[in-house]
Amino acid sequence: MLPLYVLAAIGVYASVCWLYEHLYSSLLGIIWGSVKQIVCGQKTLGERYGKWAVVTGATDGIGKGYAVHLAKKGMNLVLISRSDAKLVKVSRELQDAYGVQIKRIVADFSAGAPIYSHIRKELAGIDIGILVNNVGIVPDSGLDLFENHPAEDYLRMVNVNIVSTLLMTHLVLPIMKKARRGMVINVSSSSAYFPAPFLSVYSATKVFGHNLSLALQQELRGTGVECQLTVPAFVRTNLTDGWNVTKYGGSMVPDANDYGRWATWMIGKTSHTCGHWFHSLQHSSYLSNSVNLVG
């Protein structure tokens, strides 16, 4: 009987560790972050981090959700997107609704490294408090076997999903460290937690931002600058059109505006978040079943 007791004890210990790592640690972090804000005084995001927020991929989906709710909290915005027409439209909407200052930068992140000298010039002299590395794409060819996706799709995904996070953070982080305050938010994906067949390269690109964020959180200790990893599951956006995402949660699957509201509320409360309460439930299911997916 002793071996059975030992195995049972190991099982209980492993379960407690898993629950702490994937559920309670995040919940405790949110509670503690909220308490600190109440005790230390409820500063606005602009007072805590700086007056301007930079959002990539800001005219649609999660990026627009962040932009709307950052503006609602009084943050001035630098919106970066490849479509000037959409930038003008979203900028007018936000200025009319919230009266904040908005700067537009037209940039196609799929073009890779050459665009960043232009972005650097456009950001010069701006008091950047928050950077939201949101821009991301899936293959134009949809779900398919690895070898059936065009190589051009993969190169575009690397430039948009990896290089954008890498070089935007590299550009903004020295400014924040010099000011001794700031927040870098890297929007990853639940597909970073485990391999995603038929979207293999997409999920691999999302691992980059995931691991970069966890490493930067350690490097930035004591600098006054924070890095938050945000890991959404399915959100109803243009990116997921045609995927029938409601089968993964029905009407509870958030749209981009609802996700942006919750994700913005999470800023400064925890270093690692799903961004939305419903995604926390989904992630628990994903992680508990990930052994079956990769085993």
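**Figure 1. Helix α7 and the elements around it.** Helix α7, residues 200-219, has 20 residues and runs 29 Å from its first C-alpha to its last, close to the 28 Å expected at 1.5 Å a residue. The model shown here and in the other views is predicted. The buried residues of α7 are V201, Y202, S203, T205, K206, G209, H210, S213, L216 and Q217. Those buried residues pack against α6, β5 (182-187), β6 (225-230) and β7 (272-273). The loop between β5 and α7 holds F198, which is shown again in Figure 6.

**Figure 2. The whole chain, for orientation.** Nine helices and seven strands make up the secondary structure of the protein. The protein has 295 residues, of which 48% count as buried. Its accessible surface comes to about 14800 Å², and carbon and sulfur atoms account for 61% of that surface. Among contacts between residues at least 6 apart in sequence, 70% join residues at least 24 apart. The mean pLDDT of the protein is 84, and 74% of the residues reach 70 or more. Over residues 288-295 the pLDDT is below 50, and beyond near neighbours in sequence this stretch has five contacts in the model. Where pLDDT is low, the predicted coordinates should not be read in detail.

**Figure 3. The largest nonpolar core.** This core holds 35 residues, and the members that touch the most other members are V54, V78, I80, F109, I119, L123 and M168. Two or more residues come from each of β1 (52-56), β2 (76-81), α5 (116-123), β4, α6, α7 and β6. The element that gives the most is α6, with nine residues. Another core, of 28 residues, lies apart from the largest one and has I62, L70, L94 and V132 among its members. In soluble globular proteins, nonpolar side chains tend to be buried together. The surroundings of L123 give a local picture: not counting residues up to four places away in sequence, L123 touches V54, V78, I105, I128, M168, L171 and V172.

**Figure 4. V55 in strand β1.** V55 is placed in strand β1. Its relative accessible area is 0%, so V55 counts as buried. Leaving aside neighbours within four places in sequence, V55 is in contact with G63, L70, V78, L79, I80 and V132. One of these contacts, I80, is 25 residues from V55 along the chain, yet the two C-alpha atoms are separated by 6.2 Å. L70 and V132, two other contacts of V55, are among the members of the core of 28 residues.

**Figure 5. N134 in the loop after β4.** N134 lies in the loop between β4 (128-133) and α6 (151-179). The relative accessible area of N134 is 11%, under the 20% limit, and therefore this loop residue counts as buried. The side chain of N134 reaches the backbone nitrogen of G63 at 3.5 Å. Apart from neighbours within four places in sequence, the contacts of N134 are T56, G57, I62, G63 and V187. G63 is also listed among the contacts of V55, the residue shown in Figure 4.

**Figure 6. R180, R181 and F198 in loops on either side of β5.** R180 and R181 are both found in the loop between α6 and β5. The side chain of R181 forms a polar contact of 2.3 Å with the side chain of D127. A polar atom of the R181 side chain also lies 3.0 Å from the backbone oxygen of Y49. Leaving aside neighbours within four places in sequence, R181 is in contact with R48, Y49, G50, D127, I128, M176, T223, G224 and V225. Two residues in this view are marked for their backbone angles. Most residues other than glycine have a negative phi. R180 is not a glycine but has a positive phi of about 60°. F198, also not a glycine, has a positive phi of about 75°. R180 counts as exposed because its relative accessibility is 52%, over the 50% limit. F198 has a relative accessibility of 46% and therefore counts as partly exposed.

Definitions and conventions. Residues are numbered from 1 along each chain as its sequence is written. This is a predicted model: local features need pLDDT of at least 70, side-chain atom pairs count only at pLDDT 80 or more; totals for chains, interfaces and linings use all residues. Side-chain values use heavy atoms; hydrogens and water are left out. Helices (H or I, at least four residues) and strands (E, at least two) are DSSP runs, numbered from the N terminus. Buried means under 20% relative accessible area, exposed over 50%, partly exposed in between (1.4 Å probe, protein chains only). A polar contact is a pair of N or O atoms within 3.5 Å; within protein, one must be able to donate a hydrogen and the other to accept it, and residues adjacent in sequence count only if both atoms are side-chain atoms. Contact means heavy atoms within 4.5 Å. Accessible areas come from the Shrake-Rupley method with a 1.4 Å probe; for residues, only the protein chains shown count as cover. pLDDT is the predictor's confidence in each residue, from 0 to 100. The expected span of a helix is 1.5 Å times one less than its number of residues. A nonpolar core is a set of buried Ala, Val, Leu, Ile, Met, Phe, Trp, Tyr and Cys residues joined through side-chain atoms within 4.5 Å.
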